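Could you walk me through this structure in my viewer, one selection at a time? I'd like to know what to click on next and what I'll find there.

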Amino acid sequence: MTVSAVFVSFSAPYQAHDNESASVDLDALAGCLSSSACLVTQTTSGLIIGMLLFLVAVGLTLIFGVLKVVNFSHGAFYMFGAYFAMTAYHLTESFALAMLAGAAGTAILGLIFERVFMSRVYGADVLMQLLVCYAFVLIFDDVVRIIWGPEFKSMGMPSAFQVMPLFIAGGVVPPYYLLLIGVALVVAIVLGIGLSRSRIGKVVRAAAHNPGMVSALGINTGLIYGGVFALGGMLAGLAGALAAPVRSLTPGMGFSVLIESFIVTVIGGMGSILGALIGALLLGLIRSFGSLGFPLFTEGLMYLFMVIVLVSKPTGLFGKEAA
Amino acid sequence: MTRTRKPGISRRSTLALMGAGAMNVAAPWVARAQAKTIKIGMPTILSGRVAQLGTSSRNAVMLEVDKVNAAGGLAGRQIEMVIRDSKGQPQEAARVARELVNTDGCEWLIDGEASSGSFAVHEVARDLGVLCVHTCSEASSLTADPKQHIPNAFRCVRQGIHDSIVGGSYAASIAKAKGLKKWATCSPDYAYGRDTTGEFTLYLKRFAPDVEVISESWPKLFQPDYTEVVTKILQAKPQALYSCLWGGDLTSYIDQANIYAMFSQMEVFAVNMADYTALTVVKNLPKGIHSGNRYIKTFPATPENAAWGDAYKAKYNEYPTNWSWQNATAVMFLSEAAKKANSTDGKKIAEVLKGLTIKCPFGADGTVTMRADDHTLVGYAIGWGTTIPQEPYVPEVKAGDWKAIFELEAEWKKSKGYT
């Protein structure tokens, strides 16, 4: 069949197309806020975006809090987590093993990276640390390209989650995203309690505050630093693994996540886990509701929010004043 | 009185030598024109997010060049391809193109750049006067706009406006048959996404005037997460969705929309879906997505096309892309033109290329033509169909009618002030 049969109506006048969409659509936003279905869908949408961001950002903030290093190569761990998970899933078809591979693989990678490379630049200038990290962003991207190829990949959604979404108060919530939110919440609680209550947590906080004194007490600070870096890497890797079924995998995929994670840590306060959680959730909600009310300014809203926070509280929402 | 020549170099021969030297500096490819092999330079994207497309362009060119060389080369000269990475950056593409000609001695250029880079290479071709065939840029203005026209450049690529006309009319026929009046769009927020979506909806509304676009989303290029876009579209409750997302962005979007069961709630028209790069990557490809053809070995459904797709896969262990068939066609055109001109002189080849029709596996009727008046490819296989999750992925493609495309394209050119 040819398209000539498809050319049906020439009667309409030739219109110049209107390519401009409204930059502000407050009616849509107000309409959503007054509808429970829309509220549920958009709030969970914000939580999903926020929780994945939280997992990446919390590792970043943890490493900064303890090691005082801004880890610009953090996005690479997110990328490796996704690739490890995809490979494990395609080999075993087990979702649990895929998540484990993503988290454990990046933890080991983080430990090696910290011990072999980062530990050499702790006392160095910030610029030197930044250069080392940036070099590894490029190296890690190339390593992924060599191992898995330059083309984008997809892990695929495990069959257990290939189900119809749930309808809660009229809103749509995919079951996989409930799992994702749940995992991130568990991580937040375990980290929060672990760092404030457990003995290891106290040692880590002490090492962050005064590494010389901790070392003098006979505690191996190198081990703590390596462990924290591995934990940070693992959390980013877990985020990558959780994102793998719904995001395409490509060398360099960590970069955009890294930028947003930085916004989260800056808003929440560098070094604060609660700050990372609140910052990530706020950013998720801004994206989710912002896309309705300000469709052409959603990204701008995030930065605007960051500017407002920085102007009113330069250390971030939960950041501590410098001593 | 007779003048006797003084010994040594005369003023005239000095001038001649200086002139030849200047020619060598200004147009080195002319000086090397008699070399035994003919070097053809090719800037393309071999690293970064779209490296896969650049690699598939290189593969296709080499597949065809090997055939030409095995058959005796271009007018008796073997082809030597010099292929360089532009990293997808326009300024780098221009630099590489210039270097290929001036330093490497390439006599022709095959420009394997995406739109932004191809305009930069086009300017290099304008400046150096070297024969140049664009093989990847779909931006209509590259050849439609008379300001861009130069005698030595040709475009051997499908074109955005052709796709929009065929896509818009196909979508309108479905819209009328199924009563799809409320539409949403979701396309990447850069020139290609905006222009293609605008042109698609223009023709959709023209053929189906009842259609109303009730929601537009413009996610960033390479955005990792589309959740807020997906839920926004679900809130708007459209009956149909158009998207020109492509590559990894499209597969991410499908994976994320799939878990919201979006594809069961509306008809989806994704112009870039029917390309093996996307079709083979998506693990849970929904049935019934409407897509334009990019490259698919079952359309046109000819033994020649299937054989070409299989030969490519046998050699490179993956299926060709949309960029592959375009690059292969460019080599076919150049080979045929050299045969007809019995020469590799760029100017003669350019003259022959104008209006040249060749046999081609990717032609709608088994041939494709390099249209004389705007130096662009026409008559290639173009159509739309719906997906299934396994091979052949798009079992039936409705072919576009070139007569209708020509009419509407002429009208569009007029409305743009190009004619």
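Buried area is the accessible area, taken with a 1.4 Å probe, that two parts lose on being put together, summed over both. Keep that in mind for the stops below, and remember that you are looking at a predicted model.

**Stop 1: both chains together**

Show chain A and chain B in two colours. Between them, about 4800 Å² is buried, and carbon and sulfur atoms give 59% of that. Now pick out the residues that touch: 52 in chain A are in contact with 54 in chain B. There are 3 salt bridges across this interface. To see a salt bridge, select Glu299(A) and Lys220(B), whose closest N and O atoms are 3.4 Å apart. Polar contacts between the chains come to 11 residue pairs, with both residues at pLDDT 80 or more.

Stay on the chain A side for a moment. The elements giving two or more residues to the side that touches chain B are α2 and α11 (273-293) of chain A. Of the elements, α2(A) gives the most, with 7 residues. Colour that side of chain A by class and you should get 26 nonpolar, 19 polar and 7 charged residues.

**Stop 2: chain A on its own**

Hide chain B. Chain A has 12 helices and 2 strands, and its C-alpha trace spans about 85 × 50 × 40 Å along the principal axes. Next, show Cys32(A) and Cys38(A) as sticks: a disulfide joins them, with the sulfurs 1.9 Å apart. Which hand does this disulfide have? The torsion about its S-S bond is about -95°, so the disulfide is left-handed.

**Stop 3: the two domains of chain A**

Select 58-145 plus 179-249 for domain 1 of chain A, then 253-323 for domain 2. Their C-alpha centres lie 20 Å apart. In the contact, 21 residues of domain 1 of chain A meet 14 of domain 2. About 1400 Å² is buried between these two domains, and carbon and sulfur atoms give 87% of it. Zoom in on Leu60(A), Thr61(A) and Tyr78(A): on the domain 1 side, they lose the most area to domain 2 of chain A, together 35% of what that side buries.

How many salt bridges are there between these two domains? The count is 0. Polar contacts come to 2 residue pairs, both residues being at pLDDT 80 or more. On the domain 1 side, the elements giving two or more residues are α2 (36-67), α3 (74-92) and α6 (175-197) of chain A. By class, that side has 14 nonpolar, 6 polar and 1 charged residues.

**Stop 4: the two domains of chain B**

Bring chain B back. Domain 1 of chain B is 28-159 plus 305-378, and domain 2 is 161-299 plus 381-415. The C-alpha centres of this pair lie 28 Å apart, and the contact takes 26 residues from domain 1 of chain B and 24 from domain 2. Between them they bury about 2200 Å², 52% of it on carbon and sulfur atoms. Select Arg158(B), Gln159(B) and Tyr319(B), which lose the most area on the domain 1 side, together 27% of what that side buries.

This domain interface has 5 salt bridges. Keep Arg158(B) in view and add Asp163(B): their side chains meet in a salt bridge at 3.0 Å, N to O. Finish by highlighting α12(B), from which the largest share of the domain 1 side comes, 5 residues.

Key:
Residues are numbered from 1 along each chain as its sequence is written. Chains are lettered from A and ligands numbered from 1 in the order in which they are written. This is a predicted model: local features need pLDDT of at least 70, side-chain atom pairs count only at pLDDT 80 or more; totals for chains, interfaces and linings use all residues. Side-chain values use heavy atoms; hydrogens and water are left out. Domain bounds come from an automatic or database domain assignment. Contact means heavy atoms within 4.5 Å. A salt bridge is a side-chain nitrogen of Lys or Arg within 4 Å of a carboxyl oxygen of Asp or Glu. A polar contact is a pair of N or O atoms within 3.5 Å; within protein, one must be able to donate a hydrogen and the other to accept it, and residues adjacent in sequence count only if both atoms are side-chain atoms. Helices (H or I, at least four residues) and strands (E, at least two) are DSSP runs, numbered from the N terminus. Ala, Val, Leu, Ile, Met, Phe, Trp, Tyr, Cys and Pro count as nonpolar, Asp, Glu, Lys and Arg as charged, and the others, Gly among them, as polar. A disulfide is a pair of cysteine sulfur atoms within 2.5 Å.
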